[in-house]
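Biologist: Could you take a close look with me at one part of this model, the aromatic rings and what surrounds them? I would love a connected walk through it.

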Amino acid sequence: SQPILPLTVILPANPMRIRLLLMVTLALCVFLGFYHLDGYGLWSDEFVTLLIVSSKSFKELIQTCFEVPQPMPPLYFLASKWTYGFFAPGEIGLRALSAASSVVAGYFLFATGRTLFSAEVGLWGLLLFAVNSTQIVYAQNARPYAVGLMLSAASMLCFLKWKRQPSWAWALSYVISTALLLHVHYIFFPILLIQWLYLVVG
């Protein structure tokens, strides 16, 4: 028999309570990610982001991505330039994409926990993710890492769904999310090795 998590003792699991707890925990994730988003000035790497997204055209932006001291794929900066246009110039507009991506990453983490174990495990994972100080720092950082985390979680979720419920929809979702991930930053490449090991061990 499966061990009973404390959460199921406090609030016996049923779909309505799971949805309520999910919404509350996601709301916490939103609050912690967006709270005081402009509470400190830009640091050196964020100035690079500002330089790139301030490009006059998308063509110039893509060129700048490969001309800066640490070249990286342009996808994050293209998306950031688009979201930056919805806000007044400043830290909030530059960091909003990362904060929003962190919240979506939290939901994908919950869904992955639910897929592998149970909804209760997914909720605990989401709660720990929401209050993790390192995650919050990157959620309030105008760099590609929160977006990469979101796409990593999406890639892993689609991968697991595809292996457990084979379909073209999950396969296509996996390919798209992974392709987008690799166009955000090179450092996320190891997720492919993790998925390959899962196939070998599994």
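Why does Tyr76 count as buried?

Modeller: Happy to help, and please keep in mind that this is a predicted model. Tyr76 counts as buried because its relative accessibility is 1%, and the cut-off for that label is under 20% relative accessible area. The count of aromatic pairs comes to nine. One of them joins Tyr76 to Phe77, with the ring centres 5.0 Å apart and 75° between the planes. That angle makes the pair edge-to-face, because planes over 60 degrees apart are given that name. Phe77 has a relative accessibility of 0%, so Phe77 counts as buried too.

Next, a pair with another setting. Tyr138 and Tyr145 also form an edge-to-face pair, at 5.5 Å centre to centre and with 75° between the planes. Here the label for accessibility changes: Tyr138 is partly exposed because its relative accessible area is 38%. Tyr145 is partly exposed as well, since its relative accessibility is 23%. Both values fall between the 20% limit for buried and the 50% limit for exposed.

From pairs we can go on to a group of rings. Phe159, Trp162, Tyr174 and Tyr198 form one aromatic cluster. Two of these rings, Phe159 and Tyr174, are also in contact with Gln195. Leaving aside neighbours within four places in sequence, Gln195 touches Ser155 and Met156 as well. Gln195 belongs to helix H11, which covers residues 190-201. With a relative accessibility of 1%, Gln195 counts as buried.

Charged side chains come into the picture too. Lys163 lies over the face of Trp162, a member of that cluster, at 5.5 Å from the ring centre. A second case of a charge over a ring involves Arg95 and Tyr40: the charged end of Arg95 sits 4.1 Å from the centre of the Tyr40 ring.

Last, a look at a loop residue. Gln165 is placed in the loop between helix H9 (145-164) and helix H10 (168-182). Because its relative accessibility is 44%, Gln165 counts as partly exposed, whereas Gln195 is buried at 1%. If you would like a distance to place this loop residue, Gln165 and Glu120 are 21 Å apart in space, C-alpha to C-alpha, and 45 residues apart in sequence.

Key:
Residues numbered from 1 in each chain as written. Predicted model: local features only at pLDDT ≥ 70, side-chain atom pairs only at ≥ 80, totals over all residues. Heavy atoms only, no water. Phe/Tyr/Trp six-rings, centres within 6.5 Å; stacked < 30°, edge-to-face > 60°. Buried < 20%, exposed > 50% of the residue type's maximum accessible area, 1.4 Å probe, protein only. Lys NZ or Arg CZ within 6 Å of the ring centre and 35° of its normal. Helix = DSSP H or I, 4+ residues; strand = E, 2+ residues; numbered from the N terminus. Contact = heavy atoms within 4.5 Å.
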